[in-house]
Amino acid sequence: MSRVFAASKVFMAAAKAGAKSSAPASGGLLKPVPVSPVMQKFLGVSEVSRVDAVKKIWDHIKANNLQDPSNKRQILCDEKLKTIFDGKDKVGMLEIAKLISPHFIKAN
């Protein structure tokens with residue numbers, strides 16, 4: 001019985017060591033990148049990470065009660081949201097990432 005516990009300790013130690021050595025990459029969704037002038041006007045900043053942009057958009061949606069009461073997954077766009085969502089009146093919440101993607105300027 002003690003061999004089983006000893007072996008599991010070895011595996012757990014190896015797993016812990018592997019977790020410590022893999023530091024999160026400082027890029028991707030968390031890296032601040034330049035945004036389009038339209039997105040700058042909406043967010044009030046010239047650079048933002050994708051995660052922070054989505055958070056600020058959701059803050060705006062919730063502050064202005066823009067979710068459709070009968071279907072919370074639908075966003076009823078006000079004039080400010082229409083500027084970043086291609087002028088659409090309604091947007092599904094799963095469309096948000098796709099619609100804001102063109103506003104992030106890719107670095108060469």
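**Exercise 1. Contacts and the chain as a whole**

Among contacts in the chain between residues at least 6 apart in sequence, find what percentage join residues at least 24 apart, and then describe the chain that makes these contacts.

*Solution.* Begin with the contacts in the chain between residues at least 6 apart in sequence: of these, 30% join residues at least 24 apart. Keep in mind throughout that the model is predicted. Next, list the elements: the chain has 5 helices and 5 strands, and reading along the sequence gives the pattern α-β-α-β-α-β-β-α-β-α. Then turn to the surface, where the chain exposes about 7,800 Å², with carbon and sulfur atoms supplying 60% of this area. Finally, consider the interior: of the 108 residues in the chain, 26% are buried.

**Exercise 2. The order of a sheet**

Work out in which order 3 strands form an open sheet, and decide whether the pairing is parallel or antiparallel.

*Solution.* As a starting point, strands of a sheet pair through backbone hydrogen bonds, either parallel or antiparallel. In this model the order is E3-E4-E5, and the pairing is antiparallel. The edge strands are E3 (67–68) and E5 (90–92), each of which pairs on one side only.

Now take the pairs in turn. E3 is joined to strand E4 (residues 71–76) by 2 bridges, and one residue pair to look for is Gln67 with its bridge partner Ile75 in E4. E3 and E4 form a hairpin, with 2 residues between them. On the other side, 3 bridges join E4 to E5, and these two strands also run antiparallel; here Leu76 has Lys90 in E5 as its bridge partner.

**Exercise 3. A buried acid**

Asp68 is buried: determine whether Asp68 has or lacks a salt bridge, and describe the surroundings of its side chain.

*Solution.* First place the residue: Asp68 lies in strand E3. Second, look for the nearest side chain of opposite charge, which is that of Lys90, 4.1 Å away. Third, compare this distance with the cut-off: a salt bridge needs a side-chain nitrogen of Lys or Arg within 4 Å of a carboxyl oxygen of Asp or Glu, and Asp68, although buried, has no salt bridge. Fourth, check for another polar partner, and you will find that the side chain of Asp68 makes a polar contact with the side chain of Ser70 at 3.1 Å. Fifth, set aside residues up to four places away in sequence; Asp68 then touches Gln74, Leu76 and Lys90.

**Exercise 4. Salt bridges and a network**

Identify the 3 salt bridges counted in the model, and find which residues are joined into one network by salt bridges that share partners.

*Solution.* Start with Lys82, whose side chain meets that of Glu79 in a salt bridge (3.5 Å, N to O). Both residues lie in helix H4 (residues 79–84), where they are 3 residues apart, about one turn of the helix. Glu79 counts as exposed because its relative accessibility is 59%.

Continue with the side chain of Lys82, which also meets that of Asp89 in a salt bridge (2.8 Å, N to O). With 51% relative accessibility, Asp89 counts as exposed too.

The remaining pair is Glu95 and Lys88, whose side chains meet in a salt bridge at 3.3 Å, N to O. Glu95 has a relative accessible area of 25% and is therefore partly exposed, while Lys88, with 31%, is likewise partly exposed. To finish, look for shared partners: Glu79, Lys82 and Asp89 are joined into one network.

**Exercise 5. Two residues to classify**

Decide whether His103 is buried or exposed, and do the same for Lys41, buried or exposed.

*Solution.* Take His103 first, which lies in the segment after helix H5 (96–100). The cut-off for buried is under 20% relative accessible area, and His103 has 10%, so His103 is buried. Leaving aside neighbours within four places in sequence, His103 is in contact with Pro34, Val35, Ser36, Val38, Met39, Thr83 and Ile84.

Now take Lys41, which is found in helix H2 (residues 37–43). The cut-off for exposed is over 50%, and Lys41 has 74% relative accessibility, so Lys41 counts as exposed. As a last step, locate Lys80, which is 39 residues from Lys41 along the chain: the C-alpha atoms of these two residues are separated by 9.4 Å.

Technical notes:
Residues are numbered from 1 along each chain as its sequence is written. This is a predicted model: local features need pLDDT of at least 70, side-chain atom pairs count only at pLDDT 80 or more; totals for chains, interfaces and linings use all residues. Side-chain values use heavy atoms; hydrogens and water are left out. Two strands pair if DSSP finds at least two bridges between them. Helices (H or I, at least four residues) and strands (E, at least two) are DSSP runs, numbered from the N terminus. Buried means under 20% relative accessible area, exposed over 50%, partly exposed in between (1.4 Å probe, protein chains only). Lys and Arg count as positive and Asp and Glu as negative; His and the chain ends are not counted. A polar contact is a pair of N or O atoms within 3.5 Å; within protein, one must be able to donate a hydrogen and the other to accept it, and residues adjacent in sequence count only if both atoms are side-chain atoms. Contact means heavy atoms within 4.5 Å. Accessible areas come from the Shrake-Rupley method with a 1.4 Å probe; for residues, only the protein chains shown count as cover.
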